[in-house]
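Trainee: Let us take a close look at a single part. Please keep the answer brisk and connected.

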Amino acid sequence: MSRFSLVDWFWRPVGVGRHAFNVAVRQAGPHDAVFSFCGVEVEAWQVQRLPPEIEWIEEPTCMTCWHRITDRLGTDKST
């Protein structure tokens, strides 16, 4: 059974890969520093905008963020 009933993160390409961020960063000021699950620091506006499709395609998913989310959810990563 998962400890979380709602999704509390979202993915964004931020110039150094596609990272997961807590939904709370949407409330930050545009120039406030926010951190991904793996610790990448960017200004909040970079995750508050909806990036163009090409950025989603070109930037790889951060596997550290991926593993931290799956660890929180208790998901079996071997499948």
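Trainee: What is the relative accessibility of Cys38, and how does that residue count on the scale from buried to exposed?

Mentor: Cys38 has 24% relative accessibility and therefore counts as partly exposed. The classes use a 1.4 Å probe and protein chains only: buried is under 20% relative accessible area, exposed is over 50%, and partly exposed lies in between.

First, the ground rules. This is a predicted model, in which local features need pLDDT of at least 70, side-chain atom pairs count only at pLDDT 80 or more, and totals for chains, interfaces and linings use all residues. Residues are numbered from 1 along each chain as its sequence is written, and side-chain values use heavy atoms, leaving out hydrogens and water. The chain averages a pLDDT (the predictor's confidence in each residue, from 0 to 100) of 89, and 86% of the residues score at least 70.

Now the sulfurs. Cys38 is in no disulfide (a pair of cysteine sulfur atoms within 2.5 Å). Its nearest cysteine sulfur belongs to Cys62, 3.7 Å away. Cys65 has its closest cysteine sulfur in Cys38, at 3.8 Å, which is too far for a bond. A search of the whole structure finds 0 disulfides.

Cys65 is buried, with a relative accessible area of 0%. What surrounds the buried residues? The largest nonpolar core (buried Ala, Val, Leu, Ile, Met, Phe, Trp, Tyr and Cys residues joined through side-chain atoms within 4.5 Å) has 8 residues, including Phe10, Phe21 and Val42. Apart from that core lies another, of 7 residues, with Cys65, Trp9, Ala20 and Phe37 among them.

Follow the strands next. Helices (H or I, at least four residues) and strands (E, at least two) are DSSP runs, numbered from the N terminus. Strand 1 (residues 9-13) runs antiparallel to strand 2, joined by 5 bridges; pairing requires at least two DSSP bridges. Strand 2 (residues 18-22) is mostly covered, with 4 of its 5 residues buried. The two strands form a hairpin with 4 residues between them, and Gly15 in the turn has a positive phi of about 95°.

Helix 3 (residues 63-73) has the lowest mean pLDDT among the elements of the chain, 91. Its Arg72 is linked to Asp8, in the segment before strand 1, 64 residues apart. That link is a salt bridge (a side-chain nitrogen of Lys or Arg within 4 Å of a carboxyl oxygen of Asp or Glu), with the closest N and O atoms 2.6 Å apart. Both Asp8 and Arg72 are buried.
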